[in-house]
Amino acid sequence: IPELVALILGVWRIGAVYQPLFTAFGPKAIEHRLGYSSARLVVTNPANRGKLDEVANPPHIATILGAGEALRQGDIDFRAALAAASPACEPVMRRGEDLFMMMSTSGTTGLPKGVPVPLSALLAFGAYMRDAIGLRPDDIFWNIADPGWAYGLYYAITGPLLLGIATTFNEGAFTAKSTYDVIERLGVTSLAGSPTAFRLLLAEGPDAAARVKGRLRVVSSAGEPLNPE
């Protein structure tokens, strides 16, 4: 997670375009997205690196290695390259119509299509965080959505950081226990997520949620209708 956020912010600082790739994608889904975006670099980890062996004409590959993990021949060692880079990096100024993200349609009516996102969309992202979520400077904010999809990328990373407010990530698998653990440990006051996630929390019952009762000032969701209850 730390490398992911640093990577995204670094891409934007040099005026480039960031495209997310969900970790559950297979080689063909990755190949299609890298193809229509004309990506120049893909950053991965050893757990997902093997998928790129089945991608035709892949771009340059940078791998984030853990302790004791070996670098594949021809790959860039992400951490070593980062350590060797100069800390001085002047931001590249862009205009509102310039792209800063490349997203994808769902693919329900055929192959996914690219959805270019211009910098002017930041106005809408900021308005959503302020007026829909009601985010305040004193909030401890956590959007539990995966940043491999639009809701997580827009409103777990881009939106809160745009307003200068810290955001929260949990790299582990989603469970009711881990969610309540993070809320309790960090003092989360504003929680965002999909209705599916909230249904899973509700299914654990009120006893599981008792330890965080009254801690959340705001709970928000998007993407699908909430259950009436």
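**Reading bridges, domains and burial in a predicted model**

Modeller: The side chains of R94 and D98 form a salt bridge, with 3.9 Å from N to O. Keep in mind that this is a predicted model.

Biologist: Thanks! How should I read that 3.9 Å between R94 and D98?

Modeller: Set the distance beside the cut-off: a side-chain nitrogen of Lys or Arg has to lie within 4 Å of a carboxyl oxygen of Asp or Glu. R94 and D98, at 3.9 Å, are counted as a salt bridge. Look at the surroundings as well: R94 is partly exposed, with a relative accessible area of 42%.

Biologist: How many salt bridges does this rule give in total?

Modeller: The count comes to 13. Some of the residues involved are joined in a network of salt bridges: R49, D53, R72 and D75.

Biologist: Which parts of the chain does the salt bridge between R211 and E184 tie together?

Modeller: For a question like that, place each partner in its element. R211 sits in the loop between α9 (206–209) and β9 (218–221), while E184 belongs to helix α7, so the bridge ties together parts that are 27 residues apart in sequence. Their side chains meet at 2.8 Å, N to O. Both partners are partly exposed: R211 has a relative accessible area of 30%, and E184 has 32%.

Biologist: And where do E224 and R199 lie?

Modeller: Their side chains form a salt bridge at 2.5 Å, N to O. This pair, too, links distant parts of the chain: E224 is in the segment after β9 and R199 is in helix α8 (residues 195–203), 25 residues apart. E224 is partly exposed at 34% relative accessible area, and R199 is partly exposed at 29%.

Biologist: Now to the domains. Into which residue ranges is the protein divided?

Modeller: Domain 1 takes 1–88 + 97–118, and domain 2 takes 120–221. Their C-alpha centres are 25 Å apart. In the contact between them, 15 residues come from domain 1 and 16 residues from domain 2.

Biologist: What is the area buried between domain 1 and domain 2?

Modeller: The general idea is that the size of an interface is often given as the accessible area lost when the parts come together. Here the area buried between domain 1 and domain 2 is about 1300 Å², and carbon and sulfur atoms give 79% of that.

Biologist: How many salt bridges and how many residue pairs in polar contact are there between the two domains?

Modeller: Between domain 1 and domain 2 there are zero salt bridges. Two residue pairs are in polar contact, both at pLDDT 80 or more. On the side of domain 1 that touches domain 2, α1 (2–13), β4 (99–104) and β5 (114–118) each supply at least two residues. Helix α1 gives the most to that side, with five residues. By class, the side of domain 1 that touches domain 2 has 15 nonpolar residues, no polar and no charged ones.

Biologist: Let's stay with α1. Is E3 buried or exposed?

Modeller: The cut-off for buried is under 20% relative accessible area. E3, at 19% relative accessibility, therefore counts as buried. This residue is in helix α1. Leaving aside neighbours within four places in sequence, E3 is in contact with I64, F78 and R79.

Biologist: And T179, buried or exposed?

Modeller: T179 is buried, with a relative accessible area of 1%. It lies in helix α7 (residues 176–186). With neighbours within four places in sequence again set aside, T179 is in contact with W142, F174 and L201.

Biologist: One last feature, backbone angles. What is the phi of S38?

Modeller: A helpful habit is to note the sign, the residue type and the location together. Phi of S38 is near 55°, a positive value in a residue other than glycine. S38 is placed in the loop between α2 (27–37) and β1 (41–44), and at 56% relative accessibility it counts as exposed.

Biologist: Where is N57 found?

Modeller: N57 is in the loop between α3 (46–49) and β2 (60–63). Its phi is near 50°, a positive value in a residue other than glycine. N57 is exposed, with a relative accessible area of 76%.

Methods: Residues are numbered from 1 along each chain as its sequence is written. This is a predicted model: local features need pLDDT of at least 70, side-chain atom pairs count only at pLDDT 80 or more; totals for chains, interfaces and linings use all residues. Side-chain values use heavy atoms; hydrogens and water are left out. Domain bounds come from an automatic or database domain assignment. Contact means heavy atoms within 4.5 Å. Buried area is the accessible area (1.4 Å probe) that two parts lose on being put together, summed over both. A polar contact is a pair of N or O atoms within 3.5 Å; within protein, one must be able to donate a hydrogen and the other to accept it, and residues adjacent in sequence count only if both atoms are side-chain atoms. Helices (H or I, at least four residues) and strands (E, at least two) are DSSP runs, numbered from the N terminus. Ala, Val, Leu, Ile, Met, Phe, Trp, Tyr, Cys and Pro count as nonpolar, Asp, Glu, Lys and Arg as charged, and the others, Gly among them, as polar. Buried means under 20% relative accessible area, exposed over 50%, partly exposed in between (1.4 Å probe, protein chains only).
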